[in-house]
Amino acid sequence: MSDNPPTRPCVALVDDDDDLREATAQLLSLAGYRVMEFSGGAEAARTIGPDFEGIVLSDVRMPGMSGVDLFRLLQERDRDLPVLLISGHADVQMAVDALKAGAWDFIEKPFAPDALLAAVGRAAKARRLALENRALQLAAQNAASSAILGETPMIRRLRDMIPVLGQSDIDLVIQGETGTGKELFARCIHRASARSRHRFLTVDCATIPAAIVEKEMFAHGGLLSTCHRGTLFLDNLDQAGGELQSRLAQFAEKRAIALETRQPEAIDTRIMASMGEGGRDRISNALYHRIAGVPLRMPPLGERRADIPLLFAHFLNQATERLGRTAPPFDDSIHDLGAREWPGNLRELENFAERFCLGLEGHRDNPSTKGATLPERIDAFECAAIRQALMEAKGEIARAISLLGIPRKTFYYRTKRLGIDLRAMRAEILNGK
């Protein structure tokens, strides 16, 4: 659950009859829908794209582009977009043919308001689930890179655990500072599991008012019903109130809701939860020990500084593709990112990379990196990180390896690949150059 109130479902209403369109729009608005009105198919087609968040309700017979023609065009853009057709008696066969081709439903004139609202409600729910599934798939793809990218031992260990935890159905709790990728890591495990075809439901325990706990979460058909056979992710569990923790402990034990009724609703779900550093003391034992089958910890950037150059390059590459821009040349200060403090962790570093891409972070022309490719810039980062570690270690290679947090074999492999003369660099540092 998010901090923002849920957006009202949207309906694109297409009808050339002004009076009927106005009356139908009023009916939908009173029922809680946001209505976008169009007087013709061509006008609607110019606005409705493949990522349109709502559904389409269109009359069949219209001058110019008919409702069926509009449906066919929109189906080419997005096969999952529900299009409902309103038809007069003479157009029933046309609407039936459209149904066979994939139209969501058709409603014959004159229609009963309840029948129209019921059909729109089913279509809106299907659209919401389809878009949510797309968003989850995209988030999981991003998670596979941004949450577990890195070569420090702790990150490699977490990355290696994903397929193992995916094959298991054991509940788990992930601890870590804000922005360390706790939810993204949980999504990776969900995607690697047999539950990946079903919903990954995120519930932010810090934002749930006590008044809606009973009504919206634990009742028949409530929020928890939607993650049946999927994964329930309890974000910020250590910020949950006492009543919510008590009900969650009961749910974790019974895996059912509406327990006070004669026929409780069984929910087959895997529970994952996140908590902040030191949050264990704010979670009741009754709840914690029921869901902490595997306790995990996502390390902050301060404990994986050797990964920062690679992470920054990754985020910068994402920003350049997303914004359609060319990354500015790096300056000397960018080479020292590993020495900076990042209290916001991955999230802060990603935001910094986007600002850098937009030119909002200071950068001066650096001859060594100006015009360089992304791999060349990554190499420059690694060289700077190794030099920084050697300087901090006063030339002691073993200590520098420890500061970088990488295996000795990896250290020597990288220095050889980068053409770094360790003996010369060490002598330079010891001589104070």
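**Figure 1. Phe 411 and its aromatic partner Tyr 412.** In this predicted model, Phe 411 is buried, because its relative accessible area of 1% falls under the 20% limit. Its ring pairs with that of Tyr 412 in an edge-to-face arrangement, the centres lying 5.4 Å apart and the planes standing at 80 degrees. Tyr 412, in contrast, is partly exposed, with a relative accessible area of 36%. The view therefore joins a buried ring to a partly exposed one.

**Figure 2. A stacked pair formed by Phe 200 and Phe 233.** Aromatic pairs in the whole structure number 5. In the pair shown here, the ring centres of Phe 200 and Phe 233 are separated by 5.7 Å and the planes meet at 25 degrees; the pair is classed as stacked because this angle is under 30 degrees. The two residues are 33 positions apart and so the contact links distant parts of the chain. Phe 200 belongs to strand S7 (residues 200-204), while Phe 233 belongs to strand S8 (residues 231-235). Both rings come from buried residues: the relative accessible area is 3% for Phe 200 and 0% for Phe 233.

**Figure 3. An aromatic cluster and the crossing of helices H11 and H12.** Phe 312, Trp 342, Phe 352 and Phe 356 are linked into a cluster by ring pairs. Helix H11 spans residues 308-323 and helix H12 spans residues 345-357. The axes of these two helices come within 8 Å and cross at roughly 50 degrees. H11 and H12 are therefore oblique to each other, and their crossing is right-handed. Also in helix H12 is Asn 345, a residue other than glycine that nevertheless has a positive phi of about 55 degrees. Asn 345 is buried, with a relative accessible area of 1%.

**Figure 4. Oblique crossing of helices H6 and H7.** The axis of helix H6 (residues 153-167) comes within 7 Å of the axis of helix H7 (residues 182-191), and the two cross at roughly 45 degrees. This angle makes H6 oblique to H7. The crossing of H6 and H7 is right-handed.

**Figure 5. Arginine charges over aromatic rings.** Two arginine-ring arrangements are presented. In one, the charged end of Arg 247 sits over the ring of Phe 218, at 4.7 Å from the ring centre. In the other, the ring belongs to Tyr 288, and the charged end of Arg 280 sits over that ring at 4.0 Å from its centre.

**Figure 6. Polar contacts of the buried residue Arg 127.** Arg 127 is located in helix H5 (residues 113-146). With a relative accessible area of 0%, Arg 127 is buried. Its side chain makes a polar contact of 2.9 Å with the side chain of Asp 78. The side chain of Arg 127 also reaches a backbone atom, the oxygen of Gly 54, at 3.4 Å.

**Figure 7. Surroundings of Glu 53.** Glu 53 occupies the loop between helix H2 (41-45) and strand S3 (55-59). Its relative accessibility is 45%, so Glu 53 counts as partly exposed. The side chain of Glu 53 is joined to that of Arg 34 by a polar contact of 3.0 Å. Leu 81 lies 28 residues from Glu 53 along the chain, and the C-alpha atoms of these two residues are 8.8 Å apart.

**Figure 8. Backbone geometry at two loop sites.** The peptide bond between Lys 109 and Pro 110 is cis, with omega at about -10 degrees. Pro 110 is placed in the loop between strand S5 (105-108) and H5. The second site is Lys 394, in the loop between helix H13 (374-392) and helix H14 (397-404). Although not a glycine, Lys 394 has a positive phi of about 55 degrees. At 61% relative accessibility, Lys 394 is exposed, because this value is over 50%.

Notes: Residues numbered from 1 in each chain as written. Predicted model: local features only at pLDDT ≥ 70, side-chain atom pairs only at ≥ 80, totals over all residues. Heavy atoms only, no water. Phe/Tyr/Trp six-rings, centres within 6.5 Å; stacked < 30°, edge-to-face > 60°. Helix = DSSP H or I, 4+ residues; strand = E, 2+ residues; numbered from the N terminus. Buried < 20%, exposed > 50% of the residue type's maximum accessible area, 1.4 Å probe, protein only. Lys NZ or Arg CZ within 6 Å of the ring centre and 35° of its normal. Polar contact = N/O pair within 3.5 Å; in protein donor to acceptor, adjacent residues only side chain to side chain. Axes fitted to C-alpha atoms, helices over the stretch in contact; angles between N-to-C directions. Parallel < 35°, antiparallel > 145°, perpendicular 65-115°, else oblique. Left-handed = near helix turned anticlockwise from the far one by under 90°.
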